[in-house]
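Here are a few short exercises to work through with the structure open beside you. Try each task before reading its solution.

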Amino acid sequence: MLDLIKCEFMKLKRKKFIPFVFLSAFLFPIPITFLMATPRMLERYPNKTVLFDGLFNMVMGYGVIFLLPCIIGVIAAMLFFMERDNDTFKNLRTIPITSTQLIMAKIIVLFAFGIIFCLASMFATVICGSFSMEIHGIAYKLLVAIELGIFITAGTLPIIVLVVFFSKTYIFSILLCVFYSVASLTVETLFGTLPKWLCWLLPIPMTTLWGAGDMVKHGFPLNVTALEKIIPSTFQTVLILGLMAVISIYLIDFLYKKRGE
Amino acid sequence: MSKYVIETKNLTKQYGTQKSVADLNIHVQQGRIYGLLGRNGAGKTTTMKMLLGLTQPTSGEVAIWGKPLRTNEKKLLPRIGSLIESPGFYPNLTATENLRIFATLRGVPNRNAIKNALDLVGLPYKDKKLFSQYSLGMKQRLAIALAIMHDPELLILDEPINGLDPIGIAEVRSFIRDLCTERGKTILISSHILSEIALLADDIGIIDHGALLEEESLAELEAKSSRHIRFTVSSTTQAARILERGFHETQFTIQDDYKMRLHNLDISVGEIVTAFVENGLTVSEAYICEESLEDYFKRVTGGEGIA
């Protein structure tokens, strides 16, 4: 399996989108840093330490939550269409590598990119924040970044099922993922009005709720009083997202096998 | 242990109501080149895909080295090298990088395997040219390099000379022959080009509309198709005796009790018929047959022939 994963990374060599993943990690931290420097924001946060927490929360809570599903969608389209577009599946099958092994390797690569992107976003936030804020609590922020990378990737897998099901162009896959991100953010604005079960059934909004609750527990200055009843615990989040991921992987494998026949 | 490296039993592949391959029984012997000859769409590629587990047969069995492929893929496939249809590689990688991926996945222990394979097909090692910039001939060579890189015992090559220039065809033909004669590989090769199969194969299977029409050695097929005199007489045993004693002739083959072929056309047909009749034989047919290998294939494939 390790060789398969290594080879999946090798296959992405010279793909122009990969450097963009790292560059896009700076897409939100830079403007949000400027936003945090506005008088209105400075009034809300009492000191530079709390201001950095606010910056981190906004980058992770909005930027990463919006951008990562799109990035995962594009990389998934690249990985899952690669064998079909280049007619290489026959070479792999005769090694022999089963479609399940291949799917598992590709899914692990997606999780790796999810974590890498979140870590890159976190480092971008630290770099941007270091100019005007006081950096602190790096260990916790590192952990949250890794957790968010795993959770958001798992939460994007249901949409990857559709990407594989439709097996259309890259543009279609990107549009599908952008729509998913926008829909998730829209749901997040309706948190107070939506029932708990619906918020927990939608993976990205559920991850946002978990993230907010976890940050509050670690002293972040967030007002989540109205959402207290719908914030899931880490166990509940892992259980629900894990279940969704398992079902999605099963469906992706089923569809991929069917396409390969 | 099986006598054959590849043996199929009533192998059938059906798409809807149409049979792409029907009750195919092929037998590939150890250390020989087996040429699967057929027109485009005859069922060659489907057959090869079934031999590699890429397509599941509707019915029938594939046995490789005497073991059923379906339950022994993990053991059997690593011993096989293959080239099926068009070459499939990653366009953003170089030839060496492409081969490295497959060598890693195959767990090829020989560090020089990639270099050796590329050398064998005449492609440069560690070249910066990407696969997407390759010509069709270079792509085909790379596909052959992939097939042989892990030093397999059996090679299944589907139209390996596709897209190659005449010099390339000669080179590929030569090293396929060498792989068989010098390194003892068993090779199954498909083609729609009769001359190619005739130059390369030891055994030939003629496939048409999914059915195997003939399966014989090249020597047998050539004998069948060469110029000869055909006789239908009341007793071939007696006729053979007359040819041996009266004409000192041994270049004949007896097909059954009544039919025989004389391969020496220097003897007068009239003289032989007279001798047969004088010795009490009834001669119902006697004619010179001048069928070329291509004429023969045309006949067995129902008159359409093969390029």
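**Exercise 1.** In this predicted model, find the open sheet of chain B and work out which strands stand at its edges.

*Solution.* Start with the strand order: the open sheet of chain B has six strands, arranged β7-β8-β9-β4-β10-β11 with mixed pairing. Next, look at the two ends of that order. β7 (80-83) and β11 (211-217) of chain B each have a single partner strand, so one side of each has no neighbour in the sheet. Finally, check the twist: on average, neighbouring strands are turned by 15° against each other, direction ignored.

**Exercise 2.** Determine which helix packs on the sheet and touches β4, β8, β9 and β10 of chain B.

*Solution.* Go to residues 44-51 of chain B, which form helix α1. This helix touches β4 (33-37), β8 (154-158), β9 (186-191) and β10 of chain B. Then compare directions: α1(B) makes about 150° with β8(B).

**Exercise 3.** Describe how β10 and β11 of chain B are joined, and find the partner of Gly205(B).

*Solution.* β10(B) covers residues 203-208 and runs antiparallel to β11(B), with six bridges between them. Within β11(B), Glu215(B) is the bridge partner of Gly205(B).

**Exercise 4.** Characterise the side of chain A that touches chain B.

*Solution.* First count the residues: chain A gives 19 to the contact and chain B gives 23. Then locate the elements: α1 (2-11) and α6 (89-93) of chain A each give two or more residues, and α1(A) supplies the largest share, six residues. Last, sort this side of chain A by class: nine residues are charged, six nonpolar and four polar.

Terms used. Residues are numbered from 1 along each chain as its sequence is written. Chains are lettered from A and ligands numbered from 1 in the order in which they are written. This is a predicted model: local features need pLDDT of at least 70, side-chain atom pairs count only at pLDDT 80 or more; totals for chains, interfaces and linings use all residues. Ala, Val, Leu, Ile, Met, Phe, Trp, Tyr, Cys and Pro count as nonpolar, Asp, Glu, Lys and Arg as charged, and the others, Gly among them, as polar. Two strands pair if DSSP finds at least two bridges between them. Helices (H or I, at least four residues) and strands (E, at least two) are DSSP runs, numbered from the N terminus. Axes are lines fitted to C-alpha atoms, for helices over the stretch in contact, and angles run from 0 to 180 degrees between N-to-C directions. Two residues are in contact if their C-beta atoms, placed from the backbone, lie within 7 Å.
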